[in-house]
Amino acid sequence: MELKDIQELMKVLKKEDIAELKVRYGKIKLTLTNSENTKIANTVAALPKITEKKKTAKVALPTEEIVKSSNVGKIRLISSKTGTLVKKGQILAKITTMGIDNDVKATVNGILKEVLVADGSAVDFAKELFKIEVN
(Lines give C-alpha, C1' and ligand atoms only; values in the text may rest on other atoms or scores of the structure.)
Protein backbone atom coordinates (compact mmCIF):
# COMPACT_ATOMS: atom_id res chain seq x y z
CA MET A 1 0.00 0.00 0.00
CA GLU A 2 1.43 3.33 -1.06
CA LEU A 3 0.83 6.88 0.06
CA LYS A 4 -1.40 7.72 -2.92
CA ASP A 5 -3.63 4.74 -2.03
CA ILE A 6 -4.03 6.06 1.50
CA GLN A 7 -4.76 9.57 0.21
CA GLU A 8 -7.42 8.15 -2.11
CA LEU A 9 -9.05 6.34 0.82
CA MET A 10 -9.03 9.60 2.80
CA LYS A 11 -10.84 11.38 -0.05
CA VAL A 12 -13.48 8.65 -0.14
CA LEU A 13 -13.87 8.88 3.65
CA LYS A 14 -14.62 12.63 3.49
CA LYS A 15 -16.69 12.51 0.28
CA GLU A 16 -18.99 9.71 1.45
CA ASP A 17 -19.23 11.18 4.99
CA ILE A 18 -18.06 7.94 6.62
CA ALA A 19 -17.07 8.08 10.31
CA GLU A 20 -14.49 5.27 10.25
CA LEU A 21 -12.87 3.10 7.62
CA LYS A 22 -10.82 -0.03 8.34
CA VAL A 23 -8.61 -1.51 5.62
CA ARG A 24 -6.49 -4.64 5.67
CA TYR A 25 -3.80 -5.07 3.03
CA GLY A 26 -1.74 -8.20 3.66
CA LYS A 27 -0.11 -7.76 7.07
CA ILE A 28 -0.94 -4.05 7.17
CA LYS A 29 -4.01 -2.91 9.08
CA LEU A 30 -5.11 0.68 8.58
CA THR A 31 -7.89 2.53 10.39
CA LEU A 32 -8.95 5.95 9.14
CA THR A 33 -11.38 8.10 11.11
CA ASN A 34 -13.16 11.21 9.92
CA SER A 35 -12.41 13.82 12.58
CA GLU A 36 -15.38 15.98 11.54
CA ASN A 37 -17.85 13.15 12.19
CA THR A 38 -16.21 11.99 15.42
CA LYS A 39 -16.31 15.50 16.91
CA ILE A 40 -20.05 15.70 16.33
CA ALA A 41 -20.63 12.16 17.59
CA ASN A 42 -18.50 12.76 20.70
CA THR A 43 -20.34 15.95 21.65
CA VAL A 44 -23.74 14.34 21.16
CA ALA A 45 -22.68 11.27 23.17
CA ALA A 46 -21.18 13.44 25.92
CA LEU A 47 -24.37 15.43 26.56
CA PRO A 48 -26.38 12.62 28.21
CA LYS A 49 -23.36 11.67 30.31
CA ILE A 50 -23.16 15.15 31.80
CA THR A 51 -26.77 15.07 32.94
CA GLU A 52 -26.26 11.60 34.43
CA LYS A 53 -23.30 12.80 36.52
CA LYS A 54 -25.43 15.48 38.13
CA LYS A 55 -27.89 12.85 39.34
CA THR A 56 -25.32 10.52 40.91
CA ALA A 57 -24.47 10.84 44.59
CA LYS A 58 -20.98 11.51 45.87
CA VAL A 59 -18.85 8.45 46.44
CA ALA A 60 -17.92 7.93 50.08
CA LEU A 61 -14.23 7.69 50.91
CA PRO A 62 -13.05 4.39 52.35
CA THR A 63 -13.09 4.41 56.13
CA GLU A 64 -10.49 1.68 56.44
CA GLU A 65 -7.07 1.31 54.83
CA ILE A 66 -5.14 -1.96 54.74
CA VAL A 67 -1.34 -1.75 54.81
CA LYS A 68 0.27 -4.61 52.88
CA SER A 69 3.84 -5.85 52.88
CA SER A 70 6.04 -4.70 50.03
CA ASN A 71 8.61 -7.40 50.62
CA VAL A 72 9.14 -10.97 51.79
CA GLY A 73 10.88 -11.70 55.08
CA LYS A 74 10.63 -11.65 58.87
CA ILE A 75 8.62 -8.82 60.44
CA ARG A 76 9.46 -6.83 63.57
CA LEU A 77 6.63 -4.70 64.94
CA ILE A 78 7.80 -1.27 66.17
CA SER A 79 5.02 1.13 67.13
CA SER A 80 2.02 -0.95 66.32
CA LYS A 81 -0.40 -1.26 69.21
CA THR A 82 -4.10 -1.25 68.39
CA GLY A 83 -5.87 2.00 69.16
CA THR A 84 -2.81 4.23 68.65
CA LEU A 85 -2.93 7.30 66.44
CA VAL A 86 -0.74 6.96 63.32
CA LYS A 87 0.34 9.52 60.76
CA LYS A 88 1.00 8.96 57.07
CA GLY A 89 4.62 7.84 56.64
CA GLN A 90 5.04 6.69 60.26
CA ILE A 91 7.08 3.49 60.55
CA LEU A 92 4.91 0.68 61.94
CA ALA A 93 7.25 -2.27 61.42
CA LYS A 94 10.40 -3.47 59.69
CA ILE A 95 10.70 -6.46 57.37
CA THR A 96 14.13 -8.10 57.34
CA THR A 97 15.13 -9.79 54.10
CA MET A 98 18.62 -11.27 53.78
CA GLY A 99 19.90 -8.97 56.53
CA ILE A 100 18.39 -5.82 55.02
CA ASP A 101 15.64 -3.96 56.89
CA ASN A 102 12.76 -2.44 54.94
CA ASP A 103 10.32 -0.07 56.65
CA VAL A 104 6.57 -0.66 56.65
CA LYS A 105 4.95 2.79 56.79
CA ALA A 106 1.40 3.95 57.42
CA THR A 107 -0.25 4.93 54.14
CA VAL A 108 -2.84 7.28 55.71
CA ASN A 109 -3.53 9.28 58.87
CA GLY A 110 -5.80 7.46 61.29
CA ILE A 111 -6.12 5.04 64.17
CA LEU A 112 -4.47 1.63 64.08
CA LYS A 113 -7.48 -0.64 64.23
CA GLU A 114 -5.91 -4.10 63.94
CA VAL A 115 -2.52 -5.80 63.67
CA LEU A 116 -2.92 -8.79 61.36
CA VAL A 117 0.51 -10.46 61.91
CA ALA A 118 2.50 -11.60 64.90
CA ASP A 119 5.86 -10.11 65.81
CA GLY A 120 8.71 -12.20 64.36
CA SER A 121 6.52 -14.06 61.88
CA ALA A 122 7.38 -14.64 58.22
CA VAL A 123 5.44 -12.49 55.73
CA ASP A 124 4.88 -12.89 52.01
CA PHE A 125 4.66 -10.16 49.39
CA ALA A 126 1.36 -8.21 49.54
CA LYS A 127 0.32 -9.85 52.81
CA GLU A 128 -2.12 -7.74 54.81
CA LEU A 129 -0.31 -6.43 57.89
CA PHE A 130 -2.36 -3.61 59.44
CA LYS A 131 -5.85 -2.10 59.30
CA ILE A 132 -6.00 1.66 59.81
CA GLU A 133 -9.27 3.51 60.43
CA VAL A 134 -9.07 6.67 58.35
CA ASN A 135 -9.79 9.98 60.13
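**View 1. Salt bridge between D103 and K94 in the predicted model.** D103 counts as partly exposed because its relative accessibility is 32%. Its side chain meets that of K94 in a salt bridge, with an N to O distance of 2.7 Å. K94 has a relative accessible area of 21% and is therefore partly exposed, since the range for that class begins where buried ends, at 20%. Side chains of opposite charge can pair when their charged atoms come close. By the distance rule applied here, the model holds 4 salt bridges.

**View 2. Salt bridge between R76 and D101.** The side chains of R76 and D101 meet at 2.9 Å, N to O. This pair links distant parts of the chain: R76 belongs to strand β4 (residues 73-77) and D101 to strand β7 (residues 100-105), 25 residues apart. R76 has a relative accessibility of 40%, so it counts as partly exposed. D101 is likewise partly exposed, because its relative accessibility is 40%.

**View 3. Salt bridge between E114 and K131.** The closest N and O atoms of E114 and K131 are 3.8 Å apart, a distance within the 4 Å cut-off for a salt bridge. Here too the pair links distant parts of the chain, with E114 in strand β8 (residues 110-115) and K131 in strand β10 (residues 128-134), 17 residues apart. E114 has a relative accessibility of 34% and so counts as partly exposed.

**View 4. Helix α1 and the residue D17.** Helix α1 covers residues 3-15, which makes 13 residues. At 1.5 Å a residue the helix should span 18 Å, and its end C-alpha atoms are 18 Å apart, so the expected span and the model agree. Just after α1, D17 takes a positive phi of about 60°.

**View 5. Surroundings of L13 in helix α1.** L13 lies in helix α1 and has a relative accessible area of 4%, so it is buried, the limit for that class being under 20%. Leaving aside neighbours within four places in sequence, L13 is in contact with I18, E20, L21, L32, T33 and N34. One of these contacts, T33, is 20 residues from L13 in sequence. The C-alpha atoms of L13 and T33 are 7.9 Å apart in space.

Definitions and conventions
Residues numbered from 1 in each chain as written. Predicted model: local features only at pLDDT ≥ 70, side-chain atom pairs only at ≥ 80, totals over all residues. Heavy atoms only, no water. Helix = DSSP H or I, 4+ residues; strand = E, 2+ residues; numbered from the N terminus. Expected span 1.5 Å × (residues − 1). Buried < 20%, exposed > 50% of the residue type's maximum accessible area, 1.4 Å probe, protein only. Contact = heavy atoms within 4.5 Å.
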